[in-house]
Amino acid sequence: MKELKERIVRDGKVLSETVLKVDAFLNHQVDPQLTMKIGQAFAELFRDERVSRVLTVEASGIHFAMATAYALGVPFVYAKKKKAVTLSDEVYSVPVHSFTRQETYQISIAKQYLSSHDRVLIVDDFLATGAALVGLATIVKEAGAHLVGVGAVIEKSFQEGRGLLEQMGVRVESLARIQSMQPGDIQFIEAVSARV
Ligand code: 5GP
């Protein structure tokens, strides 16, 4: 997505070779016009998949799930993060290890909002190590629902997330794929599809 890449170059800050700060427009201050266009881009990519629910994890995936679900005309559900392990029969729950924060938390979704009849599209802000998205994909499988794919706004392609999801047989679509980065220089992998 050309506009997104231009924005990353203009307003993103490369903090190190692995961390990109996009607080100015994506996950702290948020540009609503760009967010809605991102939702439309995901909806377009997965238009033929008869998606019945969009899934994400709080907090920084919520506005992208909202924009995508709105464009597709379906509900979205966000997994809640909990530090304490409160196991219950009413929720799907898996542990996720955050490498950026060096902590493990549970992500949970109430069973009533995800069923075996669902065709699920997962979206999130970043695909990095893939821990969060693999956790969500695991919940979708546990529910017996069909996972149509994963949409990441920004993929750091030099990290292992895409590989892990593809090993699980998951279709991965990212709107900006970063091949490498260092302060003042971000290299993207160009999309094969002209639509993104
Ligand atoms: P994961 O490593 O599980 O793929 O990424 C988990 C979460 O960490 C992402 O959803 C995102 O919120 C955050 N994250 C990962 N890498 C970056 C990064 O380079 N910059 C920012 N701002 N957040 C990141």
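This is a short working chat about a predicted model, its ligand and its largest pocket.

Reader: What kind of model is this, and how are the residues numbered?
Author: The model is predicted, so to speak of local features pLDDT must be at least 70, side-chain atom pairs count only at pLDDT 80 or more, and totals for chains, interfaces and linings use all residues. Residues are numbered from 1 along each chain as its sequence is written, and side-chain values use heavy atoms, with hydrogens and water left out.

Reader: How many residues surround the ligand, and which are the closest?
Author: There are 15 around the ligand, the closest being L20, D125, T129, G130 and K156. A residue counts as near if one of its heavy atoms lies within 4 Å of the ligand.

Reader: Which elements supply at least two residues of that shell?
Author: β7 (119-127) and α4 (131-142) do. The largest share, four residues, comes from β7. Helices (H or I, at least four residues) and strands (E, at least two) are DSSP runs, numbered from the N terminus.

Reader: Where is an oxygen atom of the ligand relative to the side chain of K156?
Author: It is 2.7 Å from an N or O atom of that side chain. For D124, an N or O atom in the side chain is 3.2 Å from a ligand oxygen. L20 uses its backbone: an N or O atom there lies 2.6 Å from a ligand nitrogen. A polar contact here is a pair of N or O atoms within 3.5 Å.

Reader: What about the pocket: which space is the largest one?
Author: The largest pocket is the space taken by the ligand, and about 970 Å³ of space lies in it.

Reader: How many residues line the largest pocket?
Author: The lining has 35 residues, and S98, T100, R101, D125 and F126 lie nearest the centre. By class, 15 are nonpolar, nine polar and 11 charged. As in the shell, β7 gives the largest share, four residues.

Reader: Changing topic. Which peptide bond is cis?
Author: The one from E58 to A59, with omega near 0°. A59 sits in the loop between β3 (53-57) and α3 (62-72).

Reader: What is the phi of R50?
Author: R50 has a positive phi of about 50°, although R50 is not a glycine. R50 is in the loop between α2 (32-45) and β3.

Conventions
Polar contact = N/O pair within 3.5 Å; in protein donor to acceptor, adjacent residues only side chain to side chain. 1 Å grid on protein atoms, 1.4 Å probe; cavity = no way out; pocket = protein on both sides within 12 Å on 5 of 7 lines; lining within 4 Å. Sits in = over half its atoms within 2 Å of the grid points. Points joined across faces, edges and corners; volume = space filled by probe spheres on them. Nonpolar A, V, L, I, M, F, W, Y, C, P; charged D, E, K, R; others polar.
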